[in-house]
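Good morning, and thank you for making the time. I would like to walk through one structure with you, residue by residue where that helps.

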Amino acid sequence: MTGAETISYLEPTQEAGRTFVQRDLAGPVVMLNLLRFRDVADYSGHPGLTPSRPISGAEAFDRYIEHTLPFLRETGGDILFLGRGGPFLIGPAAEHWDLAMLIRQANVASFLSFASHKAYRAGLGHRTAAVEDSRLLPLSEMALPLAGPRR
């Protein structure tokens with residue numbers, strides 16, 4: 001691989017999935033999503049979902065959210081935060097993300113139920129068409145260190 005080539009992360013590896021399950025997270029799980037969109041959505045892998053005209057990656061992701069939300073909520077999850085990204089305040093100057101999203105699931109089992117839901121998976125091609133690169137970080141809540149009374 002040359003210095004000009006980059007690696008995109010679009011799907012979890014089997015090893016990453018196994019590690020996620022083995023973490024044995026208890027209680028709610030919040031997924032931090034960082035997403036970079038394609039300029040033009042690429043539906044070549046999912047021709048059945050191809051829109052009648054070319055659309056942007058951001059528009060394809062909107063279609064993904066619209067398709068996904070009912071299944072996410074059905075399995076105990078919801079979107080906590082959706083925000084426009086940009087360059088980092090602290091981080092690599094050349095790195096940017098178009099969108100940050102926090103998804104909360106009741107627990108790991110709820111997340112796995114959502115991720116394997118047949119009807120949800122039928123629209124997953126909108127995400128694939130939309131996203132050029134992504135990061136997904138599972139977070140588990142921890143107690144706030146005692147630092148005096150809250151104001």
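Let me begin at Asn33. Apart from its neighbours within four places in sequence, Asn33 is in contact with Leu99, Ala100, Met101, Ile103, Arg135 and Leu136. Please keep in mind throughout that this is a predicted model. Asn33 belongs to strand β1. Its relative accessibility is 9%, so Asn33 counts as buried, the cut-off being under 20%. There is also a long step in sequence here: Asn33 and Ser134 are separated by 101 residues along the chain, yet their C-alpha atoms are 7.1 Å apart in space.

A second residue of the same kind of interest is Arg36, also found in strand β1. Is Arg36 buried or exposed? With a relative accessible area of 14%, Arg36 is buried. Leaving aside neighbours within four places in sequence, Arg36 is in contact with Glu95, His96, Trp97 and Asp98, and also with Ala130, Val131, Glu132 and Asp133.

Let me now step back to the chain as a whole. It contains 5 helices and 4 strands, and read along the sequence they follow the pattern α-β-α-β-β-α-α-α-β. The C-alpha trace spans about 55 × 40 × 35 Å along its principal axes. Of the 151 residues in the chain, 31% are buried. Taking contacts between residues at least 6 apart in sequence, 72% join residues at least 24 apart.

I turn next to the nonpolar core. The largest one has 27 residues, and the members that touch the most others are Leu35, Phe37 and Phe61. At least two residues of this core come from each of β1 (29-37), α2 (57-74), β3 (96-105), α3 (108-115) and α5 (124-130). Which element gives the most to this core? That is α2, with 7 residues.

Phe37 deserves a closer look. Setting aside neighbours within four places in sequence, Phe37 is in contact with Gly57, Ala58 and Phe61, with Asp98 and Leu99, and with Ala130, Val131 and Glu132. Phe37 is also part of an aromatic cluster, in which ring pairs link it with Phe61, Tyr64, Phe114 and Tyr120.

That brings me to the aromatic pairs, of which the structure holds 5. For the pair of Phe20 and Phe111, the ring centres are 5.5 Å apart and the planes stand at 80°, so the pair is edge-to-face. Phe20 lies in helix α1 and Phe111 in helix α3, so this pair ties together parts that are 91 residues apart in sequence. Both Phe20 and Phe111 are buried.

Phe111 also appears among the contacts of Gln105, a residue of strand β3. Why does Gln105 count as buried? Its relative accessibility is 1%, and the cut-off for a buried residue is under 20%. Beyond neighbours within four places in sequence, Gln105 is in contact with Pro28, Val29, Leu72, Thr75, Gly76, Gly77, Ser110, Phe111 and Phe114. Phe114, as mentioned, is a member of the aromatic cluster.

The next topic is the largest pocket, which holds about 900 Å³ of space. Among the 30 residues that line this pocket, those closest to its centre are Glu11, Pro12, Phe111, Arg127 and Leu136. Two of these names have come up already: Phe111 as the partner of Phe20 in the edge-to-face pair, and Leu136 as a contact of Asn33. Two or more lining residues come from each of α1 (14-22), β1, α2, β3, α3, α4 (118-121), α5 and β4 (131-140). Here again α2 gives the most, with 5 residues. By character, the lining divides into 21 nonpolar, 5 polar and 4 charged residues.

I close with a point of backbone geometry. Most residues other than glycine have a negative phi. Asp24, although it is not a glycine, has a positive phi of about 55°. Where is Asp24 found? Asp24 sits in the loop between α1 and β1. At 66% relative accessibility, Asp24 counts as exposed, the cut-off being over 50%.

Thank you. I am happy to take questions.

Methods: Residues are numbered from 1 along each chain as its sequence is written. This is a predicted model: local features need pLDDT of at least 70, side-chain atom pairs count only at pLDDT 80 or more; totals for chains, interfaces and linings use all residues. Side-chain values use heavy atoms; hydrogens and water are left out. A nonpolar core is a set of buried Ala, Val, Leu, Ile, Met, Phe, Trp, Tyr and Cys residues joined through side-chain atoms within 4.5 Å. Buried means under 20% relative accessible area, exposed over 50%, partly exposed in between (1.4 Å probe, protein chains only). Contact means heavy atoms within 4.5 Å. On a 1 Å grid over the protein atoms alone, a cavity is a set of points where a 1.4 Å probe fits but cannot get out, and a pocket is an open set with protein on both sides within 12 Å along at least five of seven lines; lining residues have an atom within 4 Å of a point. Grid points are joined across faces, edges and corners, and a volume is the space filled by probe spheres set on the points. Ala, Val, Leu, Ile, Met, Phe, Trp, Tyr, Cys and Pro count as nonpolar, Asp, Glu, Lys and Arg as charged, and the others, Gly among them, as polar. Rings of Phe, Tyr and Trp (its six-membered ring) pair if their centres lie within 6.5 Å; planes under 30 degrees apart count as stacked, over 60 as edge-to-face and the rest as tilted.
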